[in-house]
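Reader: I am a first-year student, and I should be grateful for a close look at a single part of this model. Would you please describe the largest pocket and then the parts of the chain around it?

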Amino acid sequence: METIELLKKNLLFKGCTAEDFELLSGLIKERQVKPNTTLFSEKMPAEALYIVKSGKIKISVMEGEGEEIGLLELGPGDFFGEVALIQESSRAVTARAESAVELVMLTRKEFLALLDLDPRVAAKISLAIARLLAMRVKAYSGRLREILLS
């Protein structure tokens, strides 16, 4: 699948025009990752959004004495690391390639350049991230309530 087609199908780029995608194509980078390669670990600086073009990525957290707990597996079309675009922070999880992986990435540096080049496109992406985070808060609020009240 071509990078532009991948972006067009992605929730974060909903509402972008052909011109927007043309602009984005100049900012987005592609990356090939070998199996068992760690893209980032917990507490590393968060620097980019990743979209899986092909292959599988495992998202996990470490617990206790080096025990890794798998949270989810991502495949083609899935994305992760989106918060890195809007907030300087450290990673809360580890991302590792389970197979050979092709990724499309947008770094915070490139996103900030987009903010200067075309604030309207950057606003669309930021709004999509905000909506996604709001959906996650809503989805997890019941579970968090259970944990806090138990």
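Author: The account below begins with the largest pocket, passes to the helices, and ends with several single residues.

The model is a predicted one. The largest pocket holds about 610 Å³ of space. Its lining is made up of 22 residues, and those closest to the centre of the pocket are G81, E82, V83, V93 and R136. Three elements each give two or more residues to this lining: the strands β5 (67-74) and β6 (79-80), and the helix α4 (119-149). Of the elements, α4 supplies the largest share, namely four residues. By class, the lining comprises 15 nonpolar residues, four polar ones and three charged ones. As for the way in which such a space is found, rolling a probe the size of a water molecule over the atoms shows where empty space is left.

Helix α4 also takes part in a helix packing. Its partner is α3, which spans residues 108-117; the two helices pack at an angle of about 130°, and their axes are 5 Å apart. Because of that angle, α3 is oblique to α4. An angle would have to be over 145 degrees to count as roughly antiparallel, and 65 to 115 degrees to count as roughly perpendicular. On the side of α3, the residues in this contact are F111, L114, L115, D116 and L117, and they meet P119, V121, A122, I125 and S126 of α4. Sorted by class, the contact of α3 with α4 contains eight nonpolar residues, one polar residue and one charged residue.

A further residue of α4 is R120. With a relative accessible area of 42%, R120 is partly exposed, since this class lies between the limits of 20% for buried and 50% for exposed. R120 and R131 are eleven residues apart along the chain, and 16 Å separates their C-alpha atoms.

Two residues from earlier parts of the chain may now be considered. I4 belongs to helix α1, which covers residues 3-8. Its relative accessibility is 26%, and I4 therefore counts as partly exposed. Once its neighbours within four places in sequence are set aside, I4 is in contact with F21 and S25. Between I4 and E22, 18 residues apart in sequence, the distance in space is 8.1 Å from C-alpha to C-alpha.

I28 is found in the loop between α2 (18-25) and β1. A relative accessibility of 12% places I28 among the buried residues, because buried means under 20%. Apart from neighbours within four places in sequence, the contacts of I28 are T3, L7, V104, M105 and L106. The C-alpha atom of I28 lies 9.8 Å from that of Y50, and these two residues are 22 places apart along the chain.

Finally, two loop residues deserve attention for their backbone angles. Most residues other than glycine have a negative phi. N36, although not a glycine, has a positive phi of about 65°. N36 is situated in the loop that joins β1 (29-33) and β2 (38-40). The relative accessible area of N36 is 59%, so N36 is exposed. K43 likewise is a residue other than glycine with a positive phi, in this case near 75°. The loop between β2 and β3 (48-54) is the place of K43. K43 has a relative accessible area of 71% and is therefore exposed.

Technical notes. Residues numbered from 1 in each chain as written. Predicted model: local features only at pLDDT ≥ 70, side-chain atom pairs only at ≥ 80, totals over all residues. Heavy atoms only, no water. 1 Å grid on protein atoms, 1.4 Å probe; cavity = no way out; pocket = protein on both sides within 12 Å on 5 of 7 lines; lining within 4 Å. Points joined across faces, edges and corners; volume = space filled by probe spheres on them. Nonpolar A, V, L, I, M, F, W, Y, C, P; charged D, E, K, R; others polar. Axes fitted to C-alpha atoms, helices over the stretch in contact; angles between N-to-C directions. Parallel < 35°, antiparallel > 145°, perpendicular 65-115°, else oblique. Contact = heavy atoms within 4.5 Å. Buried < 20%, exposed > 50% of the residue type's maximum accessible area, 1.4 Å probe, protein only.
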